[in-house]
Every structure is written in structure tokens, then in C-alpha cells.
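Me: I should like a close look at a single part of this protein, namely its aromatic rings and the surroundings in which they lie. Please give one connected account suitable for a first-year student.

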Amino acid sequence: MKIAGHTLGTPDHTVPEALELFARAGLDAAEVIYQDDYRSGLPVGDAAAAAEAARVADGEGIPIIGLTPYTTAINATDEHIRAAAVDELRSAIDITHAVGANRIRVYSGAWQPDRKDHAAHWAQLVRSLQELSAPAADAGVVLCAENHFGTMTQTARDTAELVRAVDSPAVRVLYDQANLTFTHDEDFEDAFAVQGDLIGHVHVKDLVFKDPDAPFVASETARVHAEERAVMSRVVGDGILAWSSILQRLREVGYDDVLSLEYEYRWHPQDLEAPEAGFRRGAEHLRTLLRQLDVEAAGQKAEVRS
């Protein structure tokens, strides 16, 4: 599996600078935020910035494998708002193709438990992804709906239901076990049971609970505010996520693709060490786990042969 750095972890770097940092940290690829007014992101619709990023990525040997937009209105019942959000994701498809990437992180609309008319918003969400699936497929891009709070797919079960409702190979699941863990939704076994056959991308991060019994609270989609947090971010390997078991399950369902280190330095720098060191340590931990799995698999094959 390739290990990518995510520019969520490089808020003080331009995209070219982040790509250089990922190369120094020994990573294999990059996932880049697609958002205006973020230093380590590609501005929406900016073909020149995308071309420069692609040039640097090629020079550093760090291919850009995907983009991360922050578009949330694709489930809006106001048609003008929904259409504008769909257009923004169409532009993300174009830029993704231009930089040689093949996947896009998608927020499944915006949703909070106290909102009303779930069915109408869900229908708009499905409609939007169905509209986007054809241009995505034409561009060789997969739209990956994330297990993410503040959206209509906070749980693995809802994410799988959405992907099956859209019914297109260009729409898959973005598996994020850390998100499922801190929202007190599915553990990794339950998550694989309902969405394991639909995974198109994986985010990797780690955490510890400040209070495991505290209910999950998040008033917006992109982040959990400091006063709402019941967890602290950690470098992968320093937290509670069972990444060895998760990697084994990924292999069992046939996922042999990118693991994107979603280092949350943009939101929670107080919890984490400097990005270059954190990315390097996280990647080394994942590679150690993957090597251990290789050794175990080889041993099992030898036993079968004997």
C-alpha cells in the first residue's frame, strides 16, 4: 500500500512546500485540500495552481492521488444552492484529472441530528452524486463519501447505504475508523461488515479519549471545536486505534491502495508534534505493521504447504 501525506497536516506550507515536506518525510504520495483561502490547498477552479502543484509533485516523486474539497451543500433542498455545490464538485473533478489524481473526498452534505426532513435531504444527496458519477467516471475519478460527523454519513451503515443507493462504481466509501471511533459509532469489525466491499479510499489517524464516556458533540462539519472535544489527536501508533487489525481487514477485503495520513495539525496543533516528524513517524509505524502482516502471511502459506 502507498502511504500519502494529507495537506490538513501542513497548514503553514504552500502546496509545493507540503509536497517537498512529504518527500523528506519518506511518504509515497499526497492528498491535497481543494479550498479557497487555505495556504496548503489548491484554490477552487485555479488551473494554474493545479499545474504548478503537478509539476512539483512530478519533480519530487510525490504524485497527487486525490483532492479534498469542503463542499457541503449537495444535499440542500434549495435547488440553486444544491446546483452550485454540484458545480463546485464538477470543478474538483476537472482539477483532480488535471493533476493526475484519481479520487476525491466527498462530504455527504451537511447534517445535524436536530435537523428536519431527512428524507428530502437524502434524496437530494443521492441525486447529486448520481449527477456527478458520470463526469467522474469519464475523468477516471472516484468520488469517496467519507464516514464523517456533521454529514448524512456519520456511520458506516449510512455510508454504505448511500453508496448502494447511488449505484455507480464511480462512488465509493472513504473509510475513516478514527471518525467512527470518536463518534461512538461502529468499531472496525462492524464497519467492515457493512461497508468493507465498498471501500475506495482510507484515511489514517489516531487519538486518545479524554473522557470515553462523554457524548460526541460537533456543531459543524469540518472540525470539532476545542470546547466540544472529548479526544486528543495523536501520531499514528501513539493512540488507541488497532491499526494492525484494521490493515489486516483491509487486505482481506482486497484493498491494496492508498493509506492517507490525515494528520490534524490544521485543527489541533497543540496535540501533535511538528508535521515533518509526525508524518515520518506515522508512516514508519504503518510500514512496520505492513511488514509484520507480510511475515505472518508468509508463515501461514508455509504452514499450508507443509
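Reply: In this predicted model, the charged end of R266 sits over the ring of Y70, 5.6 Å from its centre. R266 also lies over the face of Y38, where the distance to the ring centre is 3.7 Å.

Y70 leads to a small group of nonpolar residues. It belongs to a core of 6 residues, which also includes I33, Y107 and W267. This core lies apart from the largest nonpolar core, which has 92 residues. Within the largest core, L42, Y175 and L250 touch the most other members. Helix α4, residues 118–139, gives the most to this core, with 7 residues. As for L250, its contacts beyond four places in sequence are M1, Y175, F192, I199, V202, Y255 and L259. As a general background, nonpolar side chains in soluble globular proteins tend to be buried together.

We may now turn to rings that pair with one another. A pair of aromatic rings is described by the distance of the centres and the angle of the planes. The model contains 8 aromatic pairs. One of them joins Y263 and Y265, with 6.4 Å from centre to centre and 0 degrees between the planes. This pair counts as stacked because its planes are under 30 degrees apart. Y263 is buried, with a relative accessible area of 7%, and Y265 is buried as well, at 17%. Ring pairs link these two tyrosines with F22 and F279 in a cluster.

F22 brings us to helix α1, which covers residues 15–24. The buried residues of α1 are V15, A18, L19, L21 and F22. Seen down the axis of the helix, they fall within an arc of 160 degrees, so they line one face of α1. These buried residues pack against several elements, among them β1 (2–6), β2 (29–34), α2 (47–60) and α9 (275–305). Just after α1, G26 takes a positive phi of about 80 degrees.

Finally, Y107, a member of the core of 6 residues, is also in contact with T151. T151 is placed in the loop between β6 (142–146) and α5 (156–166). T151 counts as buried because its relative accessibility is 5%, and the cut-off for that word is under 20%. Beyond its neighbours within four places in sequence, T151 touches further residues, including S108, G109, W111 and T221. A polar atom of the T151 side chain lies 3.0 Å from the backbone nitrogen of T153.

Terms used. Residues are numbered from 1 along each chain as its sequence is written. This is a predicted model: local features need pLDDT of at least 70, side-chain atom pairs count only at pLDDT 80 or more; totals for chains, interfaces and linings use all residues. Side-chain values use heavy atoms; hydrogens and water are left out. Rings of Phe, Tyr and Trp (its six-membered ring) pair if their centres lie within 6.5 Å; planes under 30 degrees apart count as stacked, over 60 as edge-to-face and the rest as tilted. Buried means under 20% relative accessible area, exposed over 50%, partly exposed in between (1.4 Å probe, protein chains only). A charge sits over a ring if NZ of Lys or CZ of Arg is within 6 Å of the ring centre and within 35 degrees of the ring normal. A nonpolar core is a set of buried Ala, Val, Leu, Ile, Met, Phe, Trp, Tyr and Cys residues joined through side-chain atoms within 4.5 Å. Helices (H or I, at least four residues) and strands (E, at least two) are DSSP runs, numbered from the N terminus. Contact means heavy atoms within 4.5 Å. The arc is that of the directions from the helix axis to the C-beta atoms. A polar contact is a pair of N or O atoms within 3.5 Å; within protein, one must be able to donate a hydrogen and the other to accept it, and residues adjacent in sequence count only if both atoms are side-chain atoms.
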